[in-house]
Structures are given as C-alpha cells and as structure tokens.
Amino acid sequence: MSAAVVDEEASPPATRAPSGLRREGVSLRVGAATVWLSLIVLAPLAAITWQSAGGGWRAFEQAVTSHAALESFRVTLTIAAGVTAANVVFGLLIAWMLVRDDFIGKRFIDVLIDLPFALPTIVASLVMLALYGPASPVHVHLQHTAAGVGLALAFVTLPFVVRAVQPVLLEIDREVEEAAASLGASGFTIFRQVVLPSLTPALLTGAGLAFSRAIGEFGSVVLIGGAVPGKTEVSSQWIRTLIENDDRTGAAAISLVLLGISFLVLLALRVLGARVTKRQERS
C-alpha cells in the first residue's frame with residue numbers, strides 16, 4: 001500500500017465535522033426545539049389542564065357529563081366521524097386524479113385544494129350560508145342542519161387527506177402495477193392489493209388530522225350550524241357558551257376532553273399506520 005493511500009485513509013475527510021461540534025449542534029437544535037415546543041404547545045396544555053382542575057374533580061365531572069356537554073360531544077363526534085370517512089374516500093379520489101390524470105385546469109384545482117388553509121374559517125361559514133342558507137341560489141336550505149355543519153367541516157378538513165396521500169402516491173413504483181396488469185390483474189385488484197397497502201399509512205394520517213380538526217372546529221360552523229342544542233351545537237360552540245356565562249372551568253374541562261380525544265385518535269392511527277408499514281416491509 002502506498003504512502004499516499006495510507007495518508008488518505010488516516011486523515012479524516014475535510015467535510016466531516018469534529019464530533020464535539022456535531023454534539024453541540026445537536027444539543028443546540030434539541031434545546032431550541034424543546035423551548036419552542038414548550039412555549040406553543042406544552043405551556044398552553046398545562047394551563048388549560050390547571051384551569052380545568054380549578055374546581056376539583058367534582059366540578060370537572062359535572063362539566064363534562066352534563067346533558068348539554070354530552071349532547072355536544074355526540075353531535076361533534078358523529079358529524080366529525082362521518083365527514084372524515086367521506087373525506088378519506090373523496091380525498092383519495094382527488095389525490096389520485098391530481099397525480100395520475102392529465103386534464104385542463106389541473107394546476108388550478110391543485111391550488112384550490114389549499115384554499116381552506118388560507119381562508120379564515122368564518123369566511124367558509126359565510127360561503128356556506130350564502131350557498132345553502134335561506135336565500136340559496138341552488139334552492140338547497142341547510143342552515144341549522146347537521147348536513148350543513150358536515151359540509152362546512154368537509155370543506156376545512158379535505159386538504160388534510162389530499163396532501164397526506166398525494167406525495168405517497170407520487171412515489172409509488174408504477175412498474176409493479178404494470179407487471180400486475182401484464183399478469184391479467186384487473187384495475188380494482190391492482191388498486192386493492194398493490195396501491196392501497198402503500199397508501200394506508202398516509203390515509204390514516206390524513207384521517208386522523210381531519211378528524212382532530214373537525215372536532216375542534218368553530219369558525220366554519222358558527223353561521224351555517226346555528227348552535228341548535230342537540231342538533232347542530234358542536235362542542236366548540238358549547239365552550240363559547242360556557243365562557244360567555246363566565247364558566248371558564250367548565251369550558252376548560254370540555255376543551256381538555258376534546259384534546260384527549262384528538263390525542264388518542266392520532267396516537268391510535270399512528271400506531272396502526274406503523275404496524276401496516278412493518279407488515280408491508282416483511283411481505
């Protein structure tokens with residue numbers, strides 16, 4: 001072995017940073033991320049938990065088990081679950097269309113998908129009221145109905161599913177689908193056995209985000225829903241009622257329940273998605 005080769009192997013690459021600097025960089029990034037996460041997530045969560053416990057366990061239990069609270073939970077979870085299921089189907093369809101199909105106006109639709117992210121949610125409620133209110137130009141009156149609330153929630157949550165599925169669909173190897181087609185597999189069989197397993201983790205992620213957004217949504221349903229108790233009053237509107245009645249402890253308790261539901265749903269879908277991914281890697 002020549003001396004030049006020995007020197008080349010012995011000397012560290014010029015671009016490799018010393019281990020001490022790497023450790024300092026990691027510590028700095030972790031510290032900055034922890035501080036920021038604490039400020040915008042952990043501190044508010046701790047504050048609302050503390051406030052919900054202000055009246056003790058008995059007050060918390062009464063707040064979350066009152067008839068009005070239970071009715072708001074029922075309305076919220078029922079509509080949110082239905083909207084999430086619909087958005088999983090139509091979100092996948094739209095993502096497939098944007099990735100696999102070519103048509104006039106494709107870029108316009110792709111930009112349009114992100115519109116609910118940019119619009120103030122109260123604008124969505126105004127749009128729904130103008131379209132499906134008493135003066136509906138299409139002669140469909142959905143104000144103060146569960147269907148109207150569902151449409152408003154579908155509008156603001158659809159992008160979560162589309163944007164979760166779209167990049168995964170772009171990365172799927174088309175050669176596997178072509179090979180299955182050459183062996184005589186039908187289009188539905190290819191989708192069910194080849195494409196859908198790869199998309200399942202992304203679909204679960206999008207569904208979890210859409211559901212969590214739906215159960216906490218307020219602005220988009222405030223006008224079209226009307227907060228009719230037991231019919232269109234979602235939990236976020238009941239929280240507003242409690243605050244207006246100066247019951248901040250009860251409002252914090254309802255908020256904590258919604259946060260807990262969101263966390264558990266996201267955690268369960270994340271675990272399920274990870275198991276699906278592992279199963280795919282083994283097969």
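**Notebook: α12 and its surroundings**

I started with handedness: α12 passes α13 in a left-handed crossing. Note to self: this is a predicted model.

**Entry 1: α12 against α13**

I looked up the geometry next. Helix α12 covers residues 235–244 and helix α13 covers residues 248–282, and the two pack at about 160° with axes 8 Å apart. That angle makes α12 roughly antiparallel to α13, since anything over 145 degrees counts as such.

Then I pulled the contact residues. From α12 I have S235, W238, I239, L242 and I243, and on the α13 side they meet R248, G250, A251, I254, S255 and L258. Sorted by class, the contact of α12 with α13 holds seven nonpolar, three polar and one charged residues.

**Entry 2: what α12 buries**

Which residues of α12 are buried? I got S235, S236, Q237, W238, I239 and L242. The buried residues of α12 pack against α4, α10, α11 (222–225) and α13, so I kept those helices in view for the later entries. 

S235 is in helix α12. I asked whether S235 is buried or exposed. S235 is buried, with a relative accessible area of 0%. Leaving aside neighbours within four places in sequence, S235 is in contact with S72, F73, T76, I254 and L258. Of these, I254 and L258 also turned up on the α13 side of the contact with α12.

**Entry 3: G250**

I moved across to G250, which sits in helix α13. G250 has a relative accessibility of 3% and counts as buried, because the cut-off for buried is under 20%. What does G250 touch beyond its neighbours within four places in sequence? I found A63 and L242. L242 is one of the α12 residues in the contact with α13, and L242 is also buried.

I checked a long-range pair too. G250 and A59 are 191 residues apart along the chain, and their C-alpha atoms are separated by 7.6 Å.

**Entry 4: two positive phi values**

Just after α12, D246 takes a positive phi of about 65°. D246 is a residue other than glycine, and its place is in the loop between α12 and α13. Relative accessibility for D246 is 61%, which counts as exposed.

On the other side of α12 I looked at the loop between α11 and α12, where A227 is placed. A227 is not a glycine either, and its phi is positive at about 55°. Unlike exposed D246, A227 is buried, with a relative accessible area of 19%.

**Entry 5: further along α13**

L266 also lies in helix α13. At 33% relative accessibility, I logged L266 as partly exposed. Apart from neighbours within four places in sequence, L266 is in contact with G208, L209 and S212. The C-alpha atoms of L266 and G206 are separated by 9.8 Å, with their positions 60 residues apart along the chain.

**Entry 6: α4 against α10**

α4 and α10 both receive buried residues of α12, and I wanted their own packing. How do their axes cross? The axes of α4 and α10 come within 9 Å and cross at roughly 140°. The two helices are therefore oblique to each other, and their crossing is right-handed.

The contact is made from α4 by T76, L77, A80, A81, T84, V88, L92 and W96, and from α10 by F191, V195, L199, L203, A207, A210, F211, A214 and I215. By class I have 15 nonpolar, two polar and no charged residues in the contact of α4 with α10. T76 is familiar from before, as one of the residues in contact with S235.

**Entry 7: the nonpolar cores**

Which residues touch the most other members of the largest nonpolar core? In this core of 17 residues, I noted I94, V162, V165, L169, L199 and L203. The elements giving two or more residues to the core are α4 (67–100), α8 (146–171) and α10 (187–216). The largest share, six residues, comes from α8.

I took L169 for a closer look. Not counting residues up to four places away in sequence, L169 touches A95, W96, V99, R100, V195 and L199. W96, V195 and L199 are also among the residues in the contact of α4 with α10.

There is a second, separate core of 16 residues, and V75, A80, V149 and I224 are included in it. A80 goes back to the previous entry, where it is one of the α4 residues meeting α10.

Key
Residues numbered from 1 in each chain as written. Predicted model: local features only at pLDDT ≥ 70, side-chain atom pairs only at ≥ 80, totals over all residues. Heavy atoms only, no water. Axes fitted to C-alpha atoms, helices over the stretch in contact; angles between N-to-C directions. Helix = DSSP H or I, 4+ residues; strand = E, 2+ residues; numbered from the N terminus. Parallel < 35°, antiparallel > 145°, perpendicular 65-115°, else oblique. Left-handed = near helix turned anticlockwise from the far one by under 90°. Contact = heavy atoms within 4.5 Å. Nonpolar A, V, L, I, M, F, W, Y, C, P; charged D, E, K, R; others polar. Core = buried A, V, L, I, M, F, W, Y, C linked by side-chain atoms within 4.5 Å. Buried < 20%, exposed > 50% of the residue type's maximum accessible area, 1.4 Å probe, protein only.
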